[in-house]
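Here is a short round of questions on how two parts of a protein chain meet. Look at the structure before reading on.

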Amino acid sequence: MEQLKQKIPVAVLGATGMVGQQYVALLADHPWFEISLVAASARSAGLRYGEAISSRWYPEAPLPDRIKNYTLIDALDSAAVARKAKLVFSALELSDKDELRKVENAYARAGVAVVSNASAHRDTEDVPMIIPEINHHHADIIPLQRQRREWSGCIAVKPNCSLQSYLTPLFALMQAGYEISDVVVTTLQAVSGAGYPGVPSLDIIDNVIPFINGEEEKTEQEPLKILGEIQDGRFTPRSGIRISAHCNRVPVRDGHSACVSVRFAHAKPKFDRVIEVWNNFRSAPQELRLPSAPTQPIIYLDDEARPQPKKDRMRHNGMAITVGRLRACPVFDIKFVGLSHNTIRGAAGGGILNAELLVAKNLV
Ligand SMILES: NC(=O)c1ccc[n+]([C@@H]2O[C@H](COP(=O)([O-])OP(=O)(O)OC[C@H]3O[C@@H](n4cnc5c(N)ncnc54)[C@H](OP(=O)(O)O)[C@@H]3O)[C@@H](O)[C@H]2O)c1
């Protein structure tokens with residue numbers, strides 16, 4: 001993709017939260033997007049961003065000076081945001097999903113492209129849920145979405161952060177011709193995945209919590225929509241794959257790991273072939289040279305004690321998925337460990353890559 005003549009003005013909704021802050025950090029020097037507005041709840045509206053964030057700035061990159069002085073506005077005021085932004089990154093956490101759907105719809109109606117990290121629209125039949133390396137073509141439903149709903153904007157969403165660490169490696173194998181029938185996955189999820197202030201320290205230090213509300217259902221169901229197809233103007237989930245998930249919260253700051261066992265439906269690849277497929281996997285984001293695309297989206301690490309969140313989550317600016325520990329599974333066929341940075345690849349970085357895809361497809 002060539003450079004754009006002018007940067008696209010964007011807003012971050014939920015800019016004070018864990019994901020919103022990561023958006024602010026990642027968009028600071030973005031070649032296509034420029035933050036024109038930051039928004040959060042009515043509680044924060046009217047405060048300067050730097051003041052609202054004060055000691056809870058979370059990304060490792062510094063808080064950009066330019067944004068510190070922006071005045072936060074109420075994210076529910078879609079009309080005010082639409083006057084200053086063509087695209088919004090929605091990182092809102094609202095307990096009422098119907099309310100959140102209404103908020104995001106109001107943006108799309110006002111002519112804004114919405115890229116959302118929230119779960120409210122993930123099941124909506126004409127809203128694409130995109131991991132650009134896997135189902136970039138699902139964005140092609142947007143013209144129909146616009147026509148059907150009489151929106152001049154649009155909505156595309158990101159899936160849950162729990163599945164980024166293993167779904168792309170599985171997809172790479174499927175695309176290489178190795179059909180998969182069964183997957184058992186145990187996730188080890190970082191505390192930043194729970195938002196701010198998240199899990200109380202006394203609950204998580206020296207501990208593992210074997211329950212994250214709603215996470216196992218999302219980990220089992222969302223991949224089927226992502227691997228599915230558009231039929232008769234809606235998404236039909238992929239059939240023939242069963243996924244069973246155990247999701248755990250662990251005392252790690254950033255980076256969700258997944259221990260995965262896989263059964264193939266027919267032919268089973270040799271280990272060398274699996275590693276070759278993973279390391280050579282490239283897709284639309286790399287072909288289109290999208291600014292946030294990792295040049296190598298899946299990296300296999302030979303070291304038997306990797307991947308590790310602390311050492312590997314920031315590969316390719318937090319956008320690559322690292323895999324390791326490929327070995328035989330005595331119950332299924334193979335097993336491995338996957339890792340992805342939950343607030344970058346699994347949230348803000350993944351959202352930005354989705355937005356870049358929409359721009360490359362002339363949908364913004
Ligand atoms: N954390 C992750 O790793 C991760 C990964 C993938 C997806 N997600 C999803 O991304 C979204 C944000 O997650 P998070 O972890 O960043 O949450 P968070 O830290 O709790 O931040 C929530 C944000 O929503 C705003 N907000 C809350 N109530 C609001 C209201 N009534 N009206 C308008 N804004 C309101 C908050 O503003 P105030 O500061 O003013 O309250 C804050 O900016 C969620 O939908 C989450 O499920 C999170």
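The questions below move from the domains to the contact between them.

Q: Into which domains is the protein chain divided?
A: This is a predicted model. One domain takes two stretches of the chain, 8-160 and 347-360. The other takes 162-341. They are domain 1 (8-160 + 347-360) and domain 2 (162-341).

Q: How many residues does the contact take from domain 1 and from domain 2?
A: The C-alpha centres of the two domains lie 24 Å apart. Residues count here when heavy atoms come within 4.5 Å. The contact takes 39 residues from domain 1, and from domain 2 also 39.

Q: Which three residues supply more than any other three of the area that domain 1 buries against domain 2?
A: Domain 1 and domain 2 bury about 3,200 Å² between them. Of that area, 61% is on carbon and sulfur atoms. On the domain 1 side, three residues supply 24% of the buried area: Glu133, Ile134 and Asn160.

Q: Which residue forms a salt bridge with Arg122?
A: A salt bridge needs a side-chain nitrogen of Lys or Arg within 4 Å of a carboxyl oxygen of Asp or Glu. For Arg122, the closest N and O atoms of the pair are 3.0 Å apart. The partner is Glu222.

Q: Which element gives the largest share of the side of domain 1 that touches domain 2?
A: Helices H1 (18-27), H6 (132-135), H7 (142-149) and H14 (344-360) each give two or more residues to this side. The largest share is seven residues, and it comes from H14.

Methods: Residues numbered from 1 in each chain as written. Predicted model: local features only at pLDDT ≥ 70, side-chain atom pairs only at ≥ 80, totals over all residues. Heavy atoms only, no water. Domains from an automatic or database assignment. Buried area = accessible area lost by both parts, 1.4 Å probe. Helix = DSSP H or I, 4+ residues; strand = E, 2+ residues; numbered from the N terminus.
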